[in-house]
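Ready to poke around a structure you haven't met before? Work through the exercises below, and try each one yourself before reading its solution.

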Amino acid sequence: EYNRLAGEAQSVEEQRKWAQKSEPYSQKAIQLHPTYKNAFLQQGNTFFYLQSYEKAIESYKRCLSLDPNYEDARNNLALAYRAAGQYYGEQEQDLSTALRYLKKAYEMRPLDYETLRLLGVAYGVSGQASLAVDFFRKALSQKPNQARAYYDLGAAYMQKGKVDSSQIFMNKAREMDPNLFESNSN
């Protein structure tokens with residue numbers, strides 16, 4: 001119940017509060033029944049909400065070792081890999097760790113827009129413009145009505161030195177959402 005409340009929380013602080021309340025109960029459930037897969041799923045969710053992504057990943061993997069076909073655990077593991085990649089890229093500026101986690105998320109969910117977008121960003125920041133273009137193209141194929149996807153691809157083409165291609169995608173992004181350029185000019 002505490003994890004459900006954490007998932008519905010409107011702020012990070014509220015989410016953390018509920019997840020912290022949940023943690024001892026998942027620990028106790030695992031202690032009482034060490035082969036109960038849902039206890040590991042709940043523990044993983046708790047760690048995810050606490051932004052302890054490595055611990056969440058371990059819990060989801062343990063859950064999957066008990067039931068390799070447990071879809072909730074597979075989905076949550078992919079989300080934890082993606083969140084860990086985003087965290088290490090944005091908060092720690094550790095691109096190699098970010099890419100390691102994002103690649104694992106991509107292996108599990110190769111059509112996930114946000115994973116594709118984050119891989120494009122990570123490759124772009126690391127100076128690998130060709131790979132950034134590849135992943136932004138894949139992201140665009142998943143959300144062809146998303147102005148941000150056109151903008152990101154245009155920026156990657158600019159980084160690659162392909163000005164004409166960049167303009168095509170930037171113009172499409174501007175046509176779809178002129179406000180996108182105002183928020184990115186700051």
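**Exercise 1. Which residues of α8 are buried?**

Before you start, keep in mind that this is a predicted model.

Step 1. Go along α8, which covers residues 129-142, and pick out the residues with under 20% relative accessible area. You should end up with A129, A132, V133, F135, F136, A139 and L140.

Step 2. Now look at what these side of the helix meets. The buried residues of α8 pack against α6 (95-108) and α7 (113-125), and also against α9 (147-160) and α10 (163-176).

Step 3. One of those buried residues, F135, has a charge for company: the charged end of K138 sits over the F135 ring, 4.7 Å from its centre.

**Exercise 2. Check the span of helix α8 against what its 14 residues should give.**

Step 1. Take 1.5 Å times one less than the number of residues. For the 14 residues of α8, that gives an expected span of 20 Å.

Step 2. Compare this with the model: the end C-alpha atoms of α8 are 20 Å apart, so the two agree.

**Exercise 3. How many salt bridges does the structure hold? Look at some of them in turn.**

Step 1. The total is seven.

Step 2. Start in helix α7. The side chains of R117 and E114 meet with N and O 2.7 Å apart, which makes a salt bridge. The two residues are three apart in α7, so about one helical turn separates them. R117 counts as buried because its relative accessibility is 17%, while E114, at 22%, is partly exposed.

Step 3. Move on to helix α9. Here R148 bridges to D152, with 3.0 Å between the closest N and O atoms. These two sit four residues apart, about one turn of the helix. R148 is partly exposed at 29% relative accessibility, and D152 is buried at 5%.

Step 4. Then try helix α10. E175 and K172 form a salt bridge, and their closest N and O atoms are 3.8 Å apart. They are three residues apart in α10, again about one turn. E175 is exposed, with a relative accessible area of 62%, and K172 is partly exposed at 31%.

Step 5. Stay with K172 for a moment. K172 also lies over the face of Y150, 5.9 Å from the ring centre.

Step 6. Finish with a group: E1, R4 and E8 are joined in a network of salt bridges.

**Exercise 4. Where is Q51 found, and where is Q93? Look at their phi angles too.**

Step 1. Q51 is in the loop between α3 (37-49) and α4 (53-66). Its phi is near 60°, a positive value in a residue other than glycine.

Step 2. Q93 is in the loop between α5 (71-90) and α6. Phi of Q93 is positive as well, near 50°, and this residue isn't glycine either.

Step 3. Check how open each one is. Q51 has 40% relative accessibility, so it counts as partly exposed. Q93 has 59%, so it counts as exposed.

**Exercise 5. How many aromatic pairs are there? Work through two of them.**

Step 1. Counting rings whose centres lie within 6.5 Å, you get 13 aromatic pairs.

Step 2. Take Y53 and Y87. Their ring centres are 6.2 Å apart and their planes make an angle of 55°, so with the tilted class running between stacked (under 30 degrees) and edge-to-face (over 60), this pair is tilted. Y53 lies in helix α4 and Y87 in helix α5, so the pair ties together parts that are 34 residues apart in sequence. Y53 is buried, with a relative accessible area of 10%, whereas Y87 is partly exposed at 29%.

Step 3. Now take Y151 and F181. This pair is edge-to-face, with 5.3 Å centre to centre and 75° between the planes. Y151 is in helix α9 and F181 in helix α11 (residues 179-184), so the pair links distant parts of the chain, 30 residues apart. Both Y151 and F181 are buried.

Step 4. Last, look for a bigger grouping around Y53 and Y87. Both belong to one aromatic cluster, together with F48, Y49, Y81, Y88 and Y101.

Conventions. Residues are numbered from 1 along each chain as its sequence is written. This is a predicted model: local features need pLDDT of at least 70, side-chain atom pairs count only at pLDDT 80 or more; totals for chains, interfaces and linings use all residues. Side-chain values use heavy atoms; hydrogens and water are left out. Buried means under 20% relative accessible area, exposed over 50%, partly exposed in between (1.4 Å probe, protein chains only). Contact means heavy atoms within 4.5 Å. A salt bridge is a side-chain nitrogen of Lys or Arg within 4 Å of a carboxyl oxygen of Asp or Glu. Rings of Phe, Tyr and Trp (its six-membered ring) pair if their centres lie within 6.5 Å; planes under 30 degrees apart count as stacked, over 60 as edge-to-face and the rest as tilted. A charge sits over a ring if NZ of Lys or CZ of Arg is within 6 Å of the ring centre and within 35 degrees of the ring normal.
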